[in-house]
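Please look over the sequence and the structure shown here before reading on. The report is written for someone who meets this chain for the first time.

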Amino acid sequence: MSVRITVQPGLNDPARAQVLVEDDRGTFLFNCGAPSWSDSLPRLDGALISNAHPQHTAGIPYLPPDTPIYASVMTSAILKATQDIAPPTRGNQTVFVHETIPAGGGLPSSERVIQRPYTFLLTQNDSANPQGEPIDTFADVHEWWGGQADSLGVSSIIEHPASVLPQFAPSALNGRALRHYPIDHSILGASAIAIETRDGWIGYTGDIRFHGQQPGLMEEFVQGFTELHPVALIVDGTNTQPGITPITENDVYERVMEAIKGQDGLIVADFDAMDMERLLTFNHVAEATHRKLVLSPRDVHMYLSMSIVWRQFPAFDEVETFGILDAPQLNESDHGREAELRERFQAILVSPDKLRKNGGDYIVRSSPPELGALEGDKPLRGVYIRSRTATANEDSVLIQVRDMGLGIARRDAEDANYFHSSGHATFDETIAMIRRVVPRYLVPVHTAHPEVFTDAVAGLPINVMAERGRAIELA
């Protein structure tokens, strides 16, 4: 059979798309971001996850527990850390699956946990091993990967120790060749992935950007995909407006510094806890303004988990500007980790009362729901900086912040992302990349307007596949 590709967007959210590929060997997924579709999927050879953002992973908990998951070491680490600190609901079971064994044969019902079978896509970019060591010496990562069992509160766990694949694996996915490339995105561990089918290579860019701090990675990825001569290229189509100049992470730093100039109260920085690049940006702001950057225990657990994989991170207790928020009322389900972290780092704990009394000494990473729990009898006073992608309820968020007594940092009236550097390439950058790769078929995903790519590649031998929800056969 010829290869068939089906793009299924998430309900009311095209960013949560997942792509089903069927060939003569079976079926596999590029990403799994649409839970509503996952229950009706056929048996999969694997789900290939490009990064750990929910738009790419929200459907994993709805896959059968024995579905093979392929992801970079860092992406796997972030998913595990996220489940570590989340309430034990089905929607959070990306790595460990809780099952109830019905009563029978005179035995009562019981609980067990199944560890999903992950395969780490290993690259030098996110390897825990020093350069030159063989990849099978992943001892510390493997120990940490299986270290969840004691805190799950069950007596039975079925473990699937993670296997490891190099950057090129000739028969990795049910006999298909697999190549993956580390790419630059707003979250560490992002990968572009290509699979060889009978009809040729199918490449998926994942979420990509060209205005980040790792241009070398992006050139290697584009060159690598170009040399594969892919029959189909599934491409990040988030941005569809030409002529846009991207905001860089350095721009974010300079804009934040300008906005807080002369401020002597608390600075509230609302950014994604997974975005370590943004965390380091605000840590530089803390250093420059002689403040402490206060993180929640959950943020700290994420940082420590990622540090196991990416050793370029400074040791947490060696960063003089870090503090930890001591607010147990914010905890929902920490399996004892918050208490452990408070004990381990008690010298740098910062109470909500300190934030209210000595706000000028701190930058706190928080969001409006968390801030509401911190208010107490005396409201917070200071400036709120929204440093993440704007959402549909942006105005209600800002109203909520003002109701707490916080001011809103200056920003362009027409640009809600003034303090944010996008993790996605501009439309012009994406088209330039496509013109280098020149696939026979182009499949734009993560976009509500795939049709705009047709005119952009006019004159090239490229067929744009803009349909959704229906299998398209590669001729």
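The sections below go from the whole chain to its cores, then to one pocket and one residue.

## The chain as a whole

The structure is a predicted model, and the values that follow were computed from it. The chain has 475 residues, and buried residues make up 53% of them, while its secondary structure comes to 14 helices and 25 strands.

Among the contacts in the chain with a separation of 6 or more, 67% are accounted for by residues 24 or more positions apart. The accessible surface of the chain comes to about 19800 Å², and carbon and sulfur atoms hold 49% of that surface.

## Two nonpolar cores

The largest nonpolar core has 65 residues, and those with the most contacts inside it are Tyr 118, Phe 316 and Ile 385. When residues up to four places away in sequence are not counted, Tyr 118 touches Ile 60, Ile 69, Ser 76, Leu 79, Thr 94, Val 95, Trp 145, Ala 162 and Ser 163. A second core, separate from the largest, has 29 residues, including Val 3, Val 19, Leu 173 and Val 231.

## The second largest pocket

The second largest pocket has a volume of about 310 Å³. Its lining is made up of 19 residues, and those that lie nearest the centre of the pocket are Gln 213, Glu 249, Met 276, Glu 277 and Leu 280. Two or more residues of this lining come from each of helix H6, which spans 249-259, and helix H7, which spans 276-289.

Of these elements, H7 gives the most to the lining of the second largest pocket, with five residues. By residue type, the lining divides into seven nonpolar, seven polar and five charged residues.

## The surroundings of Phe 322

Phe 322 has its place in strand E18, which covers residues 322-325. Its relative accessible area is 1%, and Phe 322 therefore counts as buried, given that the term applies to values under 20%.

Leaving aside neighbours within four places in sequence, Phe 322 is in contact with Leu 279, Asn 283, Lys 292, Leu 293, Tyr 303, Phe 316 and Ile 348. One of these partners, Phe 316, has already been named among the residues with the most contacts inside the largest nonpolar core. Leu 349 lies 27 residues from Phe 322 along the chain, and the C-alpha atoms of Phe 322 and Leu 349 are separated by 9.4 Å.

Key. Residues numbered from 1 in each chain as written. Predicted model: local features only at pLDDT ≥ 70, side-chain atom pairs only at ≥ 80, totals over all residues. Heavy atoms only, no water. Core = buried A, V, L, I, M, F, W, Y, C linked by side-chain atoms within 4.5 Å. Buried < 20%, exposed > 50% of the residue type's maximum accessible area, 1.4 Å probe, protein only. Contact = heavy atoms within 4.5 Å. Helix = DSSP H or I, 4+ residues; strand = E, 2+ residues; numbered from the N terminus. Areas by Shrake-Rupley, 256 points an atom, 1.4 Å probe, with all protein chains shown as cover. 1 Å grid on protein atoms, 1.4 Å probe; cavity = no way out; pocket = protein on both sides within 12 Å on 5 of 7 lines; lining within 4 Å. Points joined across faces, edges and corners; volume = space filled by probe spheres on them. Nonpolar A, V, L, I, M, F, W, Y, C, P; charged D, E, K, R; others polar.
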